[in-house]
Amino acid sequence: MFLSAPAGYRQLGYKALSCTGTDTPQVKYYSYPRISARSMSFSTYTLGLFAVSFTAIALVRRHYRWMSRLQGSTLPPGPRGWPLIGSLLEFPAEYPWVVFREWSRTYGDMMFLRLLNTQMLIVSTANVAVDLMEKRSAIYSDKPVFPMDELTGWDFDLALMPYGQRWRSIRAHFHQYFNSVATPNYHDIQTTQIHTFLRRSLDCAGKQHDPTSIRLMLAATILDIVYGLEIQSMDDEYLDIIAKASDSFAEGKALGRFWVDFIPWLKYLPPWIPGAASAKFGAQSRPIVEEMVERPFRDIQSGVNQKPSMARKLFEKLQQEPDLQRRESQLQHIKDSTGLAYIVGSDTTYCMIQTFFCAMAMSPDILKRAQKELETVVGPERLPTFEDSKDLPYIRAIILECLRWLPVTPLGMIHRLTTDDYYNGYFIPKGTVVVPNIWQMLRNPKDYPEPDKFNPNRFLKGGILNREIRDPSTLVFGFGRRICPGRHFSQDNAFLTIATVLHVFDIVPSLDENGNKLDPTPQMTTGILSFPDRFNYMLLPRSEAAERLVRETDKA
Ligand code: HEM
């Protein structure tokens with residue numbers, strides 16, 4: 001079930017794994033334990049029995065339905081699995097993208113498997129992903145419904161939402177404010193927050209860099225744009241509500257924790273019945289999630305918060321809607337579309353910026369070359385701006401390589417097929433959940449030779465970006481009608497953060513108490529999002545002039 005989760009949730013309890021690194025960083029992923037049946041409680045077993053019975057009936061019925069629809073095709077190959085439970089026992093609980101790559105060596109670029117009553121297609125190459133999820137987007141844009149999302153209140157989240165009218169309306173509101181024409185409107189806010197981040201980083205120069213300051217920068221940026229909120233610290237009361245809501249999401253999605261996603265009628269059990277753990281948990285979670293969505297909007301509706309923002313503009317526009325019923329339903333969609341921006345946008349962008357710091361701490365030559373480009377184009381008198389982007393191909397190549405090297409969502413987000421499909425002689429039954437192994441696509445040596453190496457040069461030819469190399473942003477932000485609508489905003493933010501940091505700071509391994517360099521080798525996390533965590537690096541101002549440039553941002 002964790003595959004269904006959206007980008008951008010606080011990754012609590014994620015596992016971290018050692019990586020190895022050299023001057024040209026390479027990342028290795030190790031063991032991937034299986035799901036442990038011992039961790040399940042008695043009531044979980046009881047409900048598990050129900051699940052097995054229901055699954056058995058559903059599977060037998062489905063088997064006969066499929067047989068009549070094969071039309072001379074076969075299902076794509078894949079692990080055979082066990083009766084009833086399918087491949088549940090061998091399904092990797094950690095770093096699944098690495099295991100799927102191993103499996104694909106046996107089964108090819110389309111692998112079909114079953115987990116209880118969920119059928120899954122894992123796609124390992126970019127061409128197949130584009131053929132299915134982009135070119136046939138009309139039938140590959142749905143998402144499976146998980147009753148737990150409704151119980152916990154998380155069903156407002158666009159990334160989880162089934163394809164349909166509600167999704168269309170919320171996405172349209174969101175798109176209006178995050179499309180490529182609208183995002184430059186946020187450059188001032190982004191610049192202010194990035195400059196604040198530079199000053200905070202300067203205050204901690206020479207010490208292990210605290211990634212909380214990256215989170216704070218992103219929170220302050222997105223919540224200012226969306227609600228006009230001024231976030232000064234991570235102790236902010238509203239951030240605390242978001243954190244609690246995110247915790248409830250993470251727990252609700254933990255594989256094997258609740259059975260309601262396998263036995264949907266469990267959601268109708270009242271919370272006080274023994275065994276109704278999911279309903280009980282949902283009843284605790286829902287008010288917190290509602291508060292997260294409602295609280296900042298209340299202040300806008302009541303006029304307490306008058307600052308210009310996306311929510312305010314949408315709300316004012318809505319007042320011109322004459323149809324009261326329509327106004328009511330649109331109001332909820334507006335609240336939902338604004339409520340999800342921070343949730344889906346901040347952690348994803350955070351992961352990408354962490355990847356940048358990690359790559360730079362491990363690749364001094366690449367860092368120096370980027371700084372040289374900045375010296376030539378921007379000069380010592382000022383900080384880079386968004387307008388410099390077109391003249392900084394090496395910085396842009398670094399961004400592309402960060403997206404490719406350690407993709408933030410290695411398995412993207414699952415899609416669901418809404419009707420039977422036939423592709424390359426294979427039958428893909430309606431309801432199949434499609435998992436793109438983006439991590440593997442971005443490690444295809446035909447597109448990216450020596451794929452484990454961090455090497456921005458692969459995107460350059462004759463000093464400019466080489467359009468013949470597959471652009472990783474066409475994969476990492478997902479596919480077709482569900483493609484990430486925050487991608488322009490996120491890439492803008494990444495550009496200015498990376499360019500300004502490199503212009504004024506060196507990024508180097510931090511030191512132990514005896515002044516010896518610590519190993520900057522990162523730990524990779526596993527989960528919906530994956531990023532290098534807990535690695536040793538610090539920022540040092542490049543010169544007094546650079547320090548001055550940073551301090552002067554306070555006066556700007
Ligand atoms: C490096 C940063 C980011 C990455 C790698 C990323 C990646 C993704 C991916 C893979 C999806 C799923 C697409 C699919 O289903 O095929 C997605 C969906 C989404 N993203 Fe992002 N994202 C990032 C930043 C952002 C930001 C900054 C925002 C908002 C400001 C955002 C908003 C969304 C929304 C609303 C969806 C759901 C779209 C839908 O299902 O219709 N993302 N993102």
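A residue is counted here as buried if 20 or more other C-beta atoms lie within 10 Å of its own, with C-beta atoms placed from the backbone. This criterion accompanies the tour from its opening selection onward. The model under inspection is a predicted one.

**Helix α6**

Select residues 187-203, which form helix α6. Within α6, the buried positions are Q190, Q193, I194, H195, F197, L198 and S201. Expand the selection to see what lies over them: the cover of these buried residues includes α7, α17, β10 (505-508), β13 (538-541) and α18 (544-552). A distance label between the end C-alpha atoms of α6 should read 24 Å, close to the 24 Å expected for its 17 residues at 1.5 Å a residue.

**From α6 to α17**

Keep α6 displayed and add α17, residues 487-504. Two packed helices are described by the angle between their axes and the distance between the axes. For α6 and α17 the angle is about 35 degrees and the axes are 10 Å apart. The crossing of α6 with α17 is right-handed. On the α6 side, show Q190, T191, I194 and L198; on the α17 side, show D492, N493, L496, T497, T500 and V504, which together make the contact. Coloured by class, the residues of this contact divide into four nonpolar, five polar and one charged. Q190, I194 and L198 appear in the contact and also among the buried residues of α6.

**The ligand and its shell**

Next, centre the view on the ligand. Which residues are closest to the ligand? They are G345, T348, G478, C484 and G486, within a surrounding set of 28 residues. The helices α5 (165-178), α12 (341-362) and α17 (487-504) each supply at least two residues of this shell. The greatest contribution is that of α12, with six residues. Colouring the shell by class gives 18 nonpolar, eight polar and two charged residues.

**α12 against α7**

Leave α12 in view and add α7, residues 212-227. The two helices pack at an angle of about 145 degrees, and their axes are 9 Å apart. Here, too, the crossing is right-handed. The contact is formed by I214, R215, L218, A219, I222, L223 and V226 from α7, and by A341, Y342, G345, S346, T349, Y350 and I353 from α12. Its composition by class is ten nonpolar, three polar and one charged. Pause on G345: this residue takes part in the contact with α7 and is also listed with the residues closest to the ligand.

**Helix α8**

Now select residues 237-253, helix α8. Its buried residues are L239, I242, A245, S246, S248, F249, G252 and K253. The elements covering them include α4 (147-152), α7, α9 (277-301) and α12. The 17 residues of α8 should span 24 Å at 1.5 Å a residue, and its end C-alpha atoms lie 25 Å apart, which agrees.

**Two loop residues with positive phi**

Most residues other than glycine have a negative phi. Two loop positions merit selection in this respect. L84, which is not a glycine, has a positive phi of about 65 degrees. L84 sits in the loop between α1 (42-67) and α2 (96-107). This leucine counts as partly exposed because it has 15 C-beta neighbours inside 10 Å.

Then move to N424, in the loop between β5 (421-423) and β6 (426-428). Its phi is also positive, at about 50 degrees, although N424 is not a glycine. N424 has 12 C-beta neighbours inside 10 Å and therefore counts as exposed.

**Two helix positions**

Select P96, which lies in helix α2. Is P96 buried or exposed? It is buried, because 21 other C-beta atoms lie within 10 Å. Draw a C-alpha to C-alpha distance from P96 to R487: the two are 391 residues apart in sequence and 25 Å apart in space.

The last single residue is T376, in helix α13 (residues 364-377). T376 counts as exposed because it has 10 C-beta neighbours inside 10 Å. From T376 to D391 the C-alpha distance is 10.0 Å, across a sequence separation of 15 residues.

**The whole chain**

Finally, zoom out to the full protein chain. Its secondary structure comprises 18 helices and 13 strands. Of its 556 residues, 46% count as buried. Among contacts between residues at least 6 apart in sequence, 77% join residues at least 24 apart.

Definitions and conventions
Residues numbered from 1 in each chain as written. Predicted model: local features only at pLDDT ≥ 70, side-chain atom pairs only at ≥ 80, totals over all residues. Near = placed C-beta within 6 Å. Helix = DSSP H or I, 4+ residues; strand = E, 2+ residues; numbered from the N terminus. Nonpolar A, V, L, I, M, F, W, Y, C, P; charged D, E, K, R; others polar. Expected span 1.5 Å × (residues − 1). Contact = placed C-beta atoms within 7 Å. Axes fitted to C-alpha atoms, helices over the stretch in contact; angles between N-to-C directions. Left-handed = near helix turned anticlockwise from the far one by under 90°.
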